[in-house]
2 protein chains.
Amino acid sequence: MDLQEASLVGLRVFREVAERGTLTSAAAALGYTQSAVSRQIAALERAAGAQLLERRREGVRLTSAGHVVLRSAAAVLDQIDAATRELAGLPAEGGTVRLGWFASAGAVLLPRAVAALRRSHPAITVTTREGTTPALVRALRAGSLDLALISSAPPFRPPDAESPPLALQVLAERSLLLAVPVSHPLASGDSVDIAQLHGQSWIAAQSTGADQLMGVWPGLDERPRIAHTARDWLAKLQLVAAGCGLTTVSASLAAAAPPGVRVLPVRGGPRERRRVLLARLPGPLPEPAARVAEALRAAVESG
Amino acid sequence: MDLQEASLVGLRVFREVAERGTLTSAAAALGYTQSAVSRQIAALERAAGAQLLERRREGVRLTSAGHVVLRSAAAVLDQIDAATRELAGLPAEGGTVRLGWFASAGAVLLPRAVAALRRSHPAITVTTREGTTPALVRALRAGSLDLALISSAPPFRPPDAESPPLALQVLAERSLLLAVPVSHPLASGDSVDIAQLHGQSWIAAQSTGADQLMGVWPGLDERPRIAHTARDWLAKLQLVAAGCGLTTVSASLAAAAPPGVRVLPVRGGPRERRRVLLARLPGPLPEPAARVAEALRAAVESG
DNA sequence: TCTGTGGTATGCGTGATTGTCATGGACTTG
DNA sequence: CAAGTCCATGACAATCACGCATACCACAGA
């Protein structure tokens with residue numbers, strides 16, 4: 001019943017689990033078996049004298065004790081990282097910002113911001129990675145990201161209910177748009193009426209369970225016909241260009257639509273607004289991260 | 001060659017070693033064998049990819065890599081402590097200040113300051129412990145003390161040459177004094193001439209090696225006759241009272257001399273000045289520690 | 001209802017870690 | 001030189017932590 005008996009590997013495993021959300025995927029990421037991870041977590045819980053994870057059907061969630069330990073684990077592991085670098089004679093890793101982003105931000109917003117930043121602040125290194133909203137939020141909380149671009153749909157709930165609440169900043173609020181092949185009859189006008197969407201073929205994202213179906217215009221009162229599913233935006237848009245179906249795109253992607261695709265607004269239904277948020281842990285923002293946030297704001301506004 | 005492979009026990013052992021100055025005493029303190037400590041250090045050095053300790057005849061000293069690791073180790077272990085407390089539901093240990101002191105400060109200065117503090121700031125808990133200058137300095141650097149009272153003699157060199165240098169503040173500078181039995185011929189005057197010290201019997205502290213002989217008036221050109229040696233101040237002063245010999249006392253002790261002992265200045269020789277310093281790690285001083293420092297300053301001045 | 005598919009826990013055997021004990025080497029001091 | 005300090009290391013034992021296989025649980029879908 002004393003965290004003192006914890007081990008560094010235990011903490012590392014725990015952080016990975018907190019970030020991935022399941023023991024199994026954490027194990028895969030660490031090159032362990034699921035069994036080893038399960039044991040490490042059990043040992044850490046024994047050391048902490050409290051349950052750290054709430055086992056649920058679809059994985060695990062942190063308990064409040066779990067959050068306490070996660071915060072410590074992140075601090076401890078960062079400290080060790082810093083010492084490792086210092087021992088290796090490298091300068092303190094102060095100029096690197098780790099940024100996470102949701103898939104649609106990767107086409108336009110992210111490259112534009114990073115490019116601008118490289119010109120204006122060449123000393124800042126930005127490393128980024130893509131992820132879903134829950135994955136990005138967990139990564140923020142596990143301390144493996146500094147900033148995360150996430151998207152949010154009405155009713156614009158915060159991405160998690162943990163404490164402390166994440167610091168959120170709305171970068172943009174735009175309407176959801178529709179991608180149609182230029183050869184498609186709907187492509188002739190400057191907008192599409194929602195009634196015209198009946199009976200169309202759709203190109204959807206992998207519906208990973210609880211997530212609402214992405215790619216199909218929301219609120220249709222029919223069962224949509226899914227012609228193709230694809231995770232990748234380029235694939236989806238090329239499928240659209242090839243006339244295989246329609247799909248929804250966020251406004252931040254419109255500028256990157258390939259030839260053969262028209263991006264149009266939809267009239268008629270309720271306004272389908274989407275927000276682009278910049279999320280981070282509360283607290284003071286280090287200088288380089290603030291510059292990155294600034295560049296992201298600029299990139300959003302210039303689009 | 002990666003500190004990542006270090007273990008928490010390794011770091012804990014290393015901190016203890018850094019604080020004690022020898023593997024052997026660290027082992028005793030931790031309840032390990034010297035051999036186990038040696039192996040832990042070896043493992044940590046292997047993980048760090050650098051030698052952390054410089055082995056010397058009288059123990060070990062930290063190398064520069066060792067200081068890097070020590071700073072990290074202290075931070076990591078403190079972090080774990082904090083998490084342990086938080087898990088146990090205790091409030092953050094913000095109101096406790098750990099103060100170290102040199103033996104002569106224990107009689108008057110320390111009790112006075114602590115008593116005053118308990119009246120003026122009852123919320124602050126002060127835990128203290130006695131130690132030699134090197135032990136206190138090591139404890140500061142290992143993060144197991146917040147403040148340390150140390151004494152310093154000319155040429156008033158800093159207590160260690162490590163980096164970053166300790167923050168030092170001179171609380172008082174006073175002359176060394178002489179304790180004589182009231183029954184002793186020298187006790188009749190208001191001061192003693194250095195010439196009168198020839199041939200006297202002395203009560204000295206344990207001369208633990210390199211330390212200069214404590215208790216005997218410095219600079220005598222004869223080999224002093226040591227009648228008794230004692231570590232404890234009460235014992236030494238009672239021996240003086242019993243007429244067994246003379247000894248030197250710091251001015252901060254004068255007020256606590258028992259009956260039967262007179263404390264007198266010495267004329268003639270070079271001025272034997274002694275400073276009382278308050279030492280701490282550089283950097284911002286947390287609020288409660290600042291209050292303790294203030295109380296110590298006040299206690300010195302009111303004496 | 002049965003079966004497949006996510007996920008986590010656990011019994012068992014094995015190899016690596018991490019201790020103790022005992023010993024040895026380098027050095028200082030009386 | 002003998003005795004004391006200190007640290008390092010070979011031999012051994014106990015424990016730990018892993019992988020494997022399997023059990024378990026909840027849910028989804030035919």
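**Figure 1. Chain A as a whole.** Take the contacts in chain A between residues at least 6 apart in sequence: 72% of them join residues at least 24 apart. Everything shown here comes from a predicted model. Chain A has nine helices and 14 strands, and its C-alpha trace spans about 70 × 45 × 30 Å along the principal axes. Of its 303 residues, 44% count as buried.

**Figure 2. Where chain B meets chain A.** This view turns to the contact between the two protein chains, which takes 23 residues from chain B and 23 residues from chain A. Together the chains bury about 2,000 Å², with carbon and sulfur atoms giving 63% of that area. Look for Gln4(B), Leu8(B) and Leu87(B): they supply 29% of the area that chain B buries against chain A, more than any other three residues.

**Figure 3. Inside the largest nonpolar core.** In soluble globular proteins, nonpolar side chains tend to be buried together. The largest nonpolar core here holds 56 residues, and the members that touch the most others are Phe14 and Val17, in chain A and in chain B alike. Zoom in on Val17(B) and, leaving aside residues up to four places away in sequence, you'll find it touching Thr22(B), Leu23(B), Ala26(B), Val37(B), Ile41(B), Leu53(B) and Val60(B). Another core lies apart from this one; it has 24 residues, including Leu278(B), Ala289(B), Val292(B) and Val300(B).

**Figure 4. The protein around DNA strand C.** Here 18 residues surround DNA strand C, and both chains show up among the closest: Thr24(A), Arg39(A) and Arg55(A) from one, Thr33(B) and Gln40(B) from the other. Sort the surface near this strand by class and you get four nonpolar, 10 polar and four charged residues. Chain A supplies at least two residues from each of helix H2 (23–30), H3 and strand E2 (59–62), and H3 of chain B does so too. Of the atoms of DNA strand C within 4 Å of the protein, 52% belong to sugar or phosphate, with the rest in bases.

**Figure 5. Polar contacts to DNA strand C.** Start at the backbone of Leu23(A), where a polar atom sits 2.6 Å from a phosphate oxygen of DNA strand C. Over at the bases, an N or O atom in the side chain of Arg39(A) is 2.3 Å from a base oxygen of this strand. Chain B joins in with Ser35(B), which has a polar side-chain atom 3.0 Å from a base nitrogen of DNA strand C.

**Figure 6. The protein around DNA strand D.** Now for DNA strand D, which has 18 residues around it; Thr33(A), Leu23(B), Thr24(B), Arg39(B) and Arg55(B) come nearest. Within 4 Å of the protein, 59% of the strand's atoms belong to sugar or phosphate, and bases account for the rest. The surface near DNA strand D is made up of four nonpolar, 10 polar and four charged residues.

**Figure 7. Polar contacts to DNA strand D.** Arg39(A) has a polar side-chain atom 3.0 Å from a base oxygen of DNA strand D. Ser35(B) also points a polar side-chain atom at a base oxygen of this strand, at 3.2 Å. On the phosphate side, an N or O atom in the side chain of Arg55(B) is 2.5 Å from an oxygen of DNA strand D. The elements giving two or more residues to the surface near this strand are helix H3 (34–48) of chain A, plus helix H2 (23–30), helix H3 (34–48) and strand E2 (59–62) of chain B.

How values were computed:
Residues are numbered from 1 along each chain as its sequence is written. Chains are lettered from A and ligands numbered from 1 in the order in which they are written. This is a predicted model: local features need pLDDT of at least 70, side-chain atom pairs count only at pLDDT 80 or more; totals for chains, interfaces and linings use all residues. Side-chain values use heavy atoms; hydrogens and water are left out. A nonpolar core is a set of buried Ala, Val, Leu, Ile, Met, Phe, Trp, Tyr and Cys residues joined through side-chain atoms within 4.5 Å. Buried means under 20% relative accessible area, exposed over 50%, partly exposed in between (1.4 Å probe, protein chains only). Contact means heavy atoms within 4.5 Å. A residue is near a molecule or strand if one of its heavy atoms lies within 4 Å of it. A polar contact is a pair of N or O atoms within 3.5 Å; within protein, one must be able to donate a hydrogen and the other to accept it, and residues adjacent in sequence count only if both atoms are side-chain atoms. Helices (H or I, at least four residues) and strands (E, at least two) are DSSP runs, numbered from the N terminus. Ala, Val, Leu, Ile, Met, Phe, Trp, Tyr, Cys and Pro count as nonpolar, Asp, Glu, Lys and Arg as charged, and the others, Gly among them, as polar. Buried area is the accessible area (1.4 Å probe) that two parts lose on being put together, summed over both.
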